[in-house]
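Hi everyone, thanks for coming. I'd like to walk you through one structure today, a few pieces at a time. Have a look at it first, and then we'll start with a sheet.

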Amino acid sequence: MRAKNKWLLPEGIEEVLPPQAVQLDGLCRRIMDQFAAWGYELVIPPLIEYLDTLLTGTDEDLELQTFKVTDQLNGKLMGIRADTTPQVARIEVHNLQRNRPSRLCYIGTVLHTLPGGLGGTRSPLQVGAELYGHRGIESDAEILALMLKTLQLAGLKDIHVDIGHVGILQGLIKPLQLTPEQENSIFSCVQRKATDELKDILAKWSVASGSGSALLQLMELEGDADILDEVRAILGSCAEELCGYVDELRNIAELTLRQVEDAPLYFDVTEFQGYHYHTGMTFVAYLPGESHGIAFGGRYDEVGEAFGRPCPATGFSTDAYKLFELAPHSYQPKKGIYAPLSEAPGLYELVEKLRAEGETVIYKLPGDETDARELGCDREVVLEYGRWRVREA
């Protein structure tokens, strides 16, 4: 690489500079403080793990998004995390081993082999919360409410949340008796809302069951809670168990609305994005003008079992970089104090006292003629009548 290009970063890899960096840090601190207020404990998983551990209980999509490297100490294959959720599941199931509901949260960079969309990042700053050890709708509603509160805390408006249920999709596909490859094709069509393509596929495979017809109807049906009766009617001819999933979604929404008044909840029972390790209710948050979701979550009860101990789980994650990009910013950095370097008694004691009180104090270096205001200082330390004091710069 020629010298003039040595400053270039890889495509999809970003850095954050002043003053945006301190603004982003402030947002992250507020989010983590909110998690703590809800009882979620911070964990810090490693950036890299052995690949067979990192991908335990996950799917092919996550494997394709994971960078692989070889451990020079032992030759084993390692992966750089592309999603923190499976790591936190491992920590809960294998390390903590709590026999009670457990609330954990995290924040850290993940790395993707490919961006999520045109011009997207490959290094999101993933922040999320996970609730383990409880299988009821109450924990799903708590996670959904916490996700909404997090987006509101970031200052986002006009949020739209689509709620689905993996059990409905799986329950409709199972009677079709398809191969794993055929099931993946259907999942792909549903994920992309490719209704016409799915019709052609079902016709090609001579699938004419009620499940196939119901799936096509549901793909075109979305809206507020009023549509759930229609969804139930469509599923009633397939299996009563699927109707139970609809009732589950209705009850989760009602519990969420008790915690987040006027929560913008909508239903698309075939909606699912992100990785395919979810097993129950799923949700995606959208903003107007954004082609991709900004927060993802749902239930994933089988990941814990892959680590040797069944453990119901539900959670959500989002990209703090994305929230920061979309949110309005009114942050004004606190002005500092400029201080000279001097051997006169009392200066260092005053500077330490000011810093202990939360003030920013910057020493003037020898030969530096920078003006105090150029460094963001609106005050200065001066020596008057033998005593050091602070005055306006």
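Let's begin with an open sheet of four strands, in the order E13-E12-E14-E15, with mixed pairing. Strands E13 (361-363) and E15 (387-392) are at the edges with a single partner strand each, so one side of each has no neighbour in the sheet. On average, neighbouring strands here are turned by 30° against each other, direction ignored.

Before I go on, a word on where this comes from. This is a predicted model, where local features need pLDDT of at least 70 and side-chain atom pairs count only at pLDDT 80 or more, while totals for chains, interfaces and linings use all residues. Residues are numbered from 1 along each chain as its sequence is written, and side-chain values use heavy atoms, with hydrogens and water left out.

Some vocabulary, too. Helices (H or I, at least four residues) and strands (E, at least two) are DSSP runs, numbered from the N terminus. Two strands pair if DSSP finds at least two bridges between them. Axes are lines fitted to C-alpha atoms, for helices over the stretch in contact, and angles run from 0 to 180 degrees between N-to-C directions.

Back to our sheet. Strand E14 (residues 377-384) runs antiparallel to E15, and six bridges join them. One pair to find on your screen is Val381 with its bridge partner Val390 in E15. Lying across strand E12 (336-339), E13, E14 and E15 is helix H14 (residues 347-356), which runs at about 145° to E13.

In the loop between E12 and H14 you'll find Ala344. Leaving aside neighbours within four places in sequence, Ala344 is in contact (heavy atoms within 4.5 Å) with Leu383 and Trp388. How far apart are Ala344 and Leu228 in space? From C-alpha to C-alpha it is 77 Å, with their positions 116 residues apart in sequence.

Now for another strand, E11 (residues 313-319). Is it enclosed or open? Seven of its seven residues are buried (under 20% relative accessible area; exposed is over 50%, partly exposed in between, with a 1.4 Å probe and protein chains only), so E11 is largely enclosed by the rest of the structure. In a regular strand, side chains alternate between the two faces of the sheet. In E11, Ala313, Gly315, Ser317 and Asp319 point one way, and Thr314, Phe316 and Thr318 point the other way.

Which strands pair with E11? Strand E6 (residues 125-132) is joined to E11 by seven bridges, running antiparallel, and Glu130 has Gly315 as its bridge partner there. E10 also pairs with E11 in the antiparallel sense, over five bridges, and here Phe296 is matched with Ser317.

Strand E10 (residues 295-299) is also home to Arg299, which counts as buried at 4% relative accessibility. Beyond its neighbours within four places in sequence, Arg299 has contacts including His134, Asp140, His278 and Thr314.

Let's finish with some backbone details. The peptide bond from Pro18 to Pro19 is cis, with omega near -5°, and Pro19 is in the segment before helix H1 (20-37). Gln97 is not a glycine, yet has a positive phi of about 50°, and counts as partly exposed at 47% relative accessibility. Gln177 also has a positive phi, near 55°, and is exposed, with a relative accessible area of 73%.

Thanks for listening!
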